[in-house]
Amino acid sequence: MAAALVWIPLLAGLLAGLGRLEAQQTTLQPAVGRLFVHTLAREPALRLPEHVAVPPAVPVTYHAHLQGHPDLPRWLRYTQRSPRHPGFLYGSPTPEDRGRQVIEVVAYNRDSFDTTQQRLVLLIGDPEGPLLPYQAEFLVRSHDVEEVLPSTPASRFLTALGGLWEPAELQLLNITSALDRGGRVPLPIEGRKEGVYIKVGSASPFSTCLKMVASPDSHARCAQGQPPLLSCYDTLAPHFRVDWCNVSLVDKSVPEPADEVPTPGDGILERDPFFCPPTEAMARDFLTDALVTLLVPLLVALLLTLLLAYVMCCRREGRLKRDLATSDIQMLHHFTIRENTEELRQMAARRAVPRPLSTQPMFNVRTGQHEPMFNVRTGQQLPPQVDSAQVPLILDQR
């Protein structure tokens with residue numbers, strides 16, 4: 001009975017935790033070719049009531065992935081500057097991404113270690129309104145990607161760009177961090193930003209000012225380190241510092257010519273006056289070529305061998321010529337040393353030298369005499385050993 005009372009609170013807490021882990025579902029409708037931005041909410045991770053403000057000091061991180069996959073779809077990106085900043089899901093879907101996609105987002109409260117799950121149902125469809133064939137992309141070096149994703153900075157950029165591209169109704173098509181385009185991470189210095197590419201589309205043609213910026217003359221000036229040609233007032237400054245040397249314009253109003261479909265032929269090439277292949281192959285004897293290829297190297301090797309043998313065997317000077325070129329006094333000295341050496345070697349082979357006393361057994365160093373030797377088992381004295389040497393080499397040796 002006591003064990004049952006203990007398990008009841010534990011089961012109640014487990015069921016309450018499972019109830020909190022139920023995913024909150026949100027349905028969104030991104031459009032193909034249009035910018036999609038979704039700010040991840042912090043309230044579910046903090047478990048605060050709706051009327052209570054979210055404290056900015058509470059760290060919250062997110063992990064988002066496509067349902068049934070470990071990562072996000074290729075058109076969708078996730079970014080968050082730090083756990084105390086909001087997280088964003090942004091991107092621009094392509095025509096291949098039409099349909100329904102489910103994004104699962106897990107939020108982590110780094111203070112209380114609470115975990116909540118959100119489910120975003122994305123119904124990707126075609127955009128409403130007119131087509132936007134005129135598209136321009138700008139590199140803004142004064143902002144990071146998190147700073148232009150909210151609606152207020154994005155609207156301010158479109159309003160400022162309207163002064164350069166009028167009359168036109170501008171829409172954001174895509175936002176990409178400069179780091180995703182191969183940019184470098186800036187130094188941790190105040191005022192240095194990563195940079196962001198902002199792509200804008202419109203149904204109206206490009207203005208003369210934008211065409212001049214993207215002209216070949218402007219690109220040539222940029223290659224020389226000079227500012228490009230800008231015939232109008234920069235309405236984006238000072239809030240947005242645009243790199244005018246990285247402005248690209250795309251005109252999709254003129255349809256691209258369709259690729260020619262190759263037509264299958266009969267496999268026979270047409271007659272070409274510059275290429276006349278032979279119709280018949282002439283018979284050719286390769287015996288001569290084979291003999292030349294094999295015999296010429298062999299003959300050369302044989303000649304070299306004979307030349308080397310003649311130099312080494314037939315052109316030797318010999319000892320006679322060497323002796324004739326040597327003086328008589330030097331030869332006499334040489335022969336004398338050689339005869340004396342041979343005589344000493346013969347004498348050393350015939351001599352018999354007695355063994356040194358210090359090497360004989362039981363030798364007394366103090367008296368210089370031999371001590372008698374005894375048998376350890378019987379205790380009897382052994383006869384002294386007689387050395388076979390007769391005459392020492394040097395008589396004075398003691």
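Buried means under 20% relative accessible area, exposed over 50%, and partly exposed in between. The exercises below apply these cut-offs to a predicted model.

**Exercise 1. The chain as a whole**

Task: State what percentage of the residues of the chain count as buried, and how many helices and strands the chain has.

Solution.
- Step 1. Start with burial. The chain has 398 residues, and 27% of them count as buried.
- Step 2. Go on to secondary structure. The chain has nine helices and 13 strands.
- Step 3. Take the surface. The accessible surface comes to about 29,500 Å². Carbon and sulfur atoms hold 58% of that area.
- Step 4. Turn to contacts between residues at least 6 apart in sequence. Of these, 67% join residues at least 24 apart.

**Exercise 2. The two sides of helix 4**

Task: Find which residues of helix 4 are buried, which are exposed, and what covers the buried ones.

Solution.
- Step 1. Locate the helix. Helix 4 runs over residues 151-161.
- Step 2. Pick out the buried residues. They are Pro153, Ala154, Phe157, Leu158, Ala160 and Leu161.
- Step 3. Place them around the axis. They span an arc of only 165°, so they lie on the same side of helix 4.
- Step 4. Look at the other side. Ser151 and Thr159 are exposed there.
- Step 5. Name the cover. The buried residues are covered by elements including strand 8 (134-140), helix 3 (145-148), strand 9 (171-177) and strand 10 (196-202).

**Exercise 3. The largest pocket**

Task: Describe the lining of the largest pocket by its number of residues, its main contributor and its chemical make-up.

Solution.
- Step 1. Give the volume. The largest pocket has about 520 Å³.
- Step 2. Count the lining. There are 21 residues in it. Nearest the centre lie Gly33, Gln135, Leu173, Lys199 and Lys252.
- Step 3. Assign strands. Strand 8 and strand 9 each give at least two residues to the lining. Strand 9 gives the most, with three.
- Step 4. Sort the lining by chemistry. Eight residues are nonpolar, six polar and seven charged.

**Exercise 4. Three loop residues**

Task: Classify serine 207, tyrosine 233 and serine 82 as buried, partly exposed or exposed.

Solution.
- Step 1. Take serine 207. It sits in the loop between strand 10 and helix 5 (208-213). Its relative accessible area is 13%, so serine 207 is buried. Beyond its neighbours within four places in sequence, serine 207 is in contact with Leu164 and Trp165.
- Step 2. Take tyrosine 233. Its loop runs between helix 6 (216-223) and strand 11 (248-251). With a relative accessible area of 64%, tyrosine 233 is exposed. Tyrosine 233 and glycine 163 are 70 residues apart in sequence, yet their C-alpha atoms are 8.3 Å apart.
- Step 3. Take serine 82. Its place is the loop between strand 4 (76-80) and strand 5 (87-91). A relative accessible area of 23% makes serine 82 partly exposed. The C-alpha atoms of serine 82 and threonine 61 are 8.0 Å apart, and 21 residues separate the two along the chain.

**Exercise 5. Backbone exceptions**

Task: Locate the residue with a positive phi and the cis peptide bond.

Solution.
- Step 1. Recall the rule. Most residues other than glycine have a negative phi, and most peptide bonds are trans.
- Step 2. Check phi. Phenylalanine 113 has a positive value, near 60°. It lies in the loop between strand 6 (99-109) and strand 7 (115-124). At 68% relative accessibility, phenylalanine 113 counts as exposed.
- Step 3. Check omega. The bond joining alanine 237 and proline 238 is cis, with omega about 0°. Proline 238 is in the loop between helix 6 and strand 11.

Notes
Residues are numbered from 1 along each chain as its sequence is written. This is a predicted model: local features need pLDDT of at least 70, side-chain atom pairs count only at pLDDT 80 or more; totals for chains, interfaces and linings use all residues. Side-chain values use heavy atoms; hydrogens and water are left out. Buried means under 20% relative accessible area, exposed over 50%, partly exposed in between (1.4 Å probe, protein chains only). Helices (H or I, at least four residues) and strands (E, at least two) are DSSP runs, numbered from the N terminus. The arc is that of the directions from the helix axis to the C-beta atoms. Contact means heavy atoms within 4.5 Å. On a 1 Å grid over the protein atoms alone, a cavity is a set of points where a 1.4 Å probe fits but cannot get out, and a pocket is an open set with protein on both sides within 12 Å along at least five of seven lines; lining residues have an atom within 4 Å of a point. Grid points are joined across faces, edges and corners, and a volume is the space filled by probe spheres set on the points. Ala, Val, Leu, Ile, Met, Phe, Trp, Tyr, Cys and Pro count as nonpolar, Asp, Glu, Lys and Arg as charged, and the others, Gly among them, as polar. Accessible areas come from the Shrake-Rupley method with a 1.4 Å probe; for residues, only the protein chains shown count as cover.
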